[in-house]
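Here are my notes for you, set out as numbered points. I hope they are of some use as you go through the structure yourself.

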Amino acid sequence: GAQGRIAFAWLVCNRHGVAPRDELATAVWADERPVASGQAIRALLSKLRSVIGRESLPADGPLRLMLDDDATVDVEVAARAIHDAESGVARREWERAWIASQIAMNVTRRSFLTG
């Protein structure tokens, strides 16, 4: 559901470090947390594990999403492309800057968490 997609997106964006459960709860429910938010987060993570696999989101230890080394995250692709475009402009490498800017624009035009 929607909460699972939000949780997954948040975990992807925070996968390079340990993700505090409290911050995840804020991302999912904002100021309208359920009374038993700890239990609700555990249930949400359990459902998420059933979809993406326990090896990707281990149940024991700190909360951390593990993706394959070849996983591509569009937000990161866009950020790298923007950096590359800015670098191209600074070096007056106009073709490089233009190509990188096109990549960033195409990636950022995509819908986020459609549905």
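1. Let me begin with a simple question of placement: in which helix is isoleucine 103? The place of isoleucine 103 is in helix H5, and please keep in mind throughout that this is a predicted model. Isoleucine 103 has a relative accessible area of 39%, which lies between the 20% and 50% limits, so the residue counts as partly exposed. Together with Trp98 and Ile99, Ile103 makes a nonpolar surface patch of about 310 Å².

2. Helix H5 spans residues 94-108, and it also takes part in a salt bridge. Arginine 96 pairs with aspartate 84, and their closest N and O atoms are 2.5 Å apart. Arginine 96 belongs to helix H5 and aspartate 84 to helix H4, so the salt bridge ties together parts that are twelve residues apart in sequence. Both partners are partly exposed: arginine 96 has a relative accessible area of 27%, and aspartate 84 comes to 28% relative accessibility. I would look at this pair together with Glu93, since Asp84, Glu93 and Arg96 are linked in a network of salt bridges.

3. How many salt bridges does the model have in total? The count comes to four. One of them joins arginine 15 to glutamate 76, with 2.7 Å between the closest N and O atoms. This pair links distant parts of the chain, 61 residues apart: arginine 15 sits in the loop between H1 and helix H2 (21-29), while glutamate 76 is in helix H4 (residues 74-90). Is arginine 15 buried or exposed? Its relative accessibility is 11%, under the 20% limit, so arginine 15 counts as buried. Glutamate 76, at 23% relative accessibility, counts as partly exposed.

4. Arginine 33 also forms a salt bridge, in this case with aspartate 22, and the closest N and O atoms are 2.7 Å apart. Here arginine 33 comes from the loop between H2 and H3 and aspartate 22 from helix H2, so that the pair links parts of the chain eleven residues apart. At 30% relative accessibility, arginine 33 counts as partly exposed. Aspartate 22 is partly exposed as well, with a relative accessible area of 48%.

5. Now to the backbone, where two residues deserve a look. Most residues other than glycine have a negative phi. Alanine 30, however, has a phi near 55°, a positive value in a residue other than glycine. Alanine 30 lies in the loop between H2 and H3 and is partly exposed, with a relative accessible area of 44%. Arginine 92 likewise has a positive phi, of about 60°, although it is not a glycine. You will find arginine 92 in the loop between H4 and H5. The relative accessible area of arginine 92 is 62%, over the 50% limit, so this residue is exposed.

6. The largest pocket has a volume of about 230 Å³. Its lining is made of 13 residues, and the closest to the pocket centre are Gly1, Gln3, Gly4, Leu44 and Lys47. Which helix gives the largest share of this lining? That is H3, with seven residues. Helix H1 (2-13) and helix H3 (37-52) each supply at least two residues of the lining. By type, the lining residues divide into eight nonpolar, three polar and two charged.

7. Leucine 44, one of the residues closest to the centre of the largest pocket, has its place in helix H3. Leucine 44 counts as buried, at 10% relative accessibility. The C-alpha atoms of leucine 44 and alanine 25 are separated by 10.0 Å, with their positions 19 residues apart along the chain.

8. One last residue to check is leucine 65, in the loop between H3 and H4. With a relative accessibility of 2%, leucine 65 counts as buried. Leucine 65 and arginine 5 are 60 residues apart along the chain, and their C-alpha atoms are separated by 14 Å.

Definitions and conventions
Residues are numbered from 1 along each chain as its sequence is written. This is a predicted model: local features need pLDDT of at least 70, side-chain atom pairs count only at pLDDT 80 or more; totals for chains, interfaces and linings use all residues. Side-chain values use heavy atoms; hydrogens and water are left out. On a 1 Å grid over the protein atoms alone, a cavity is a set of points where a 1.4 Å probe fits but cannot get out, and a pocket is an open set with protein on both sides within 12 Å along at least five of seven lines; lining residues have an atom within 4 Å of a point. Grid points are joined across faces, edges and corners, and a volume is the space filled by probe spheres set on the points. Helices (H or I, at least four residues) and strands (E, at least two) are DSSP runs, numbered from the N terminus. Ala, Val, Leu, Ile, Met, Phe, Trp, Tyr, Cys and Pro count as nonpolar, Asp, Glu, Lys and Arg as charged, and the others, Gly among them, as polar. A salt bridge is a side-chain nitrogen of Lys or Arg within 4 Å of a carboxyl oxygen of Asp or Glu. Buried means under 20% relative accessible area, exposed over 50%, partly exposed in between (1.4 Å probe, protein chains only). Patches are made of residues with over 30% relative accessible area and no salt bridge: like charges are joined within 9 Å, nonpolar side chains (Val, Leu, Ile, Met, Phe, Trp, Tyr) within 5 Å. Accessible areas come from the Shrake-Rupley method with a 1.4 Å probe; for residues, only the protein chains shown count as cover.
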